[in-house]
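Please look over the sequence and the model below before reading on. This report takes up pockets, one helix, single residues and cysteines.

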Amino acid sequence: MSKLTLPSLSGLGNIVLLLVINLVLTLAFLDQFINHDLPCPLCILQRMGFILIGLMFLLNIRSGAQPAHYGFAILFAILGLSVSLRQILLHVAPDDLGYGDTFFRLHFYTWAFVGFVSLMISIAILLIIPDRGTRSRHWFAQFICLWFILLLVGNVISTLSICGLGACADNPLHYDGITQLRQWLTK
């Protein structure tokens, strides 16, 4: 497939879903850095769920769709869905205001739940669509893939900065990993 050829419908679906995951992760980063709202351990696990699903779409775009990629993506969506549902249930009490900021009056973990359900439905639709080549060398697909890789690296750095190499704080207020690194370097 040349750089000017548009991808098939299933290829376009993979590109669009990776774009959606990029937007979700970018929004989480913007909230983290602009509003200084550090992600809790469950939030980090939800980000990991989106990243793992995104890796499957990246594999489809770069090397062609495989049923195993879609299967793993569904399993990762179930993992992320269960983590977000756990966080929703933690804050279901009447006087509980929830954790973190809201977006359109819903907390990010509620949006994550909706996102994981939507991704599972979308992946099921992609499994139904006949695969006529999901590999794409189109510049837009390459841009989306590069953006995703930068978000992946950024999330690894961010998580290490917040948690260090140990367990994350339940309600992180500071970048404890950076503090641990400074203490380790000054020894």
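The lining of the largest pocket holds 18 nonpolar, five polar and four charged residues. This is a predicted model, and the pocket was found by computation on it. In all, 27 residues line the largest pocket. V24, F50, F108, W111 and A112 lie nearest its centre. Three elements each give two or more residues to this lining: α1 (9–34), α2 (41–63) and α4 (108–128). The largest share comes from α4, with nine residues. The volume of the largest pocket is about 580 Å³.

The second largest pocket has a volume of about 200 Å³. Its lining is made by L160, S161, G164, L165, G177, I178, Q180, L181 and W184. Two elements give two or more residues here, namely α5 (139–163) and α6 (176–186). Helix α6 provides the largest share, five residues. By class, this second lining divides into five nonpolar, four polar and no charged residues.

**Helix α5**

How far apart are the end C-alpha atoms of α5? They are 36 Å apart, and this agrees with expectation because 25 residues at 1.5 Å a residue should span 36 Å.

Many positions can be followed along this helix. A141, I144, C145, F148 and L151 of α5 are among its buried residues. N155, S158, S161, I162 and C163 are also buried in α5. The cover over the buried residues of α5 includes α1, α2 and α6. One of them, S161, also belongs to the lining of the second largest pocket. After α5 comes G164, which has a positive phi, near 70°. G164 lines the second largest pocket too.

**Two residues to compare**

N22 sits in helix α1. Is N22 buried or exposed? N22 has a relative accessible area of 0%, so it is buried. Neighbours within four places in sequence aside, N22 is in contact with I144, W147, F148 and L151. Of these contacts, I144, F148 and L151 are themselves buried in α5.

K187 belongs to the segment after α6. K187 counts as exposed because its relative accessibility is 83%, and the cut-off for exposed is over 50%. Between K187 and D131 there are 57 Å in space, C-alpha to C-alpha. In sequence, K187 and D131 are 56 residues apart.

**The cysteines**

How many disulfides does the structure hold? It holds one. The disulfide is formed by C163 and C168, and their sulfur atoms are 1.6 Å apart. The link of C163 and C168 is right-handed, with 95° about the S-S bond. Its two ends are placed in unlike classes of accessibility: C163 is buried at 3%, whereas C168 is partly exposed at 25%. C163 also takes its place among the buried residues of α5.

Two further cysteines, C40 and C43, can be set beside them. C40 is buried, at 5% relative accessibility. C43 has a relative accessible area of 19% and is therefore buried, since buried means under 20%.

| Cysteine | Relative accessible area | Class |
|---|---|---|
| C163 | 3% | buried |
| C168 | 25% | partly exposed |
| C40 | 5% | buried |
| C43 | 19% | buried |

How values were computed. Residues numbered from 1 in each chain as written. Predicted model: local features only at pLDDT ≥ 70, side-chain atom pairs only at ≥ 80, totals over all residues. Heavy atoms only, no water. 1 Å grid on protein atoms, 1.4 Å probe; cavity = no way out; pocket = protein on both sides within 12 Å on 5 of 7 lines; lining within 4 Å. Points joined across faces, edges and corners; volume = space filled by probe spheres on them. Helix = DSSP H or I, 4+ residues; strand = E, 2+ residues; numbered from the N terminus. Nonpolar A, V, L, I, M, F, W, Y, C, P; charged D, E, K, R; others polar. Expected span 1.5 Å × (residues − 1). Buried < 20%, exposed > 50% of the residue type's maximum accessible area, 1.4 Å probe, protein only. Contact = heavy atoms within 4.5 Å. Disulfide = S-S within 2.5 Å.
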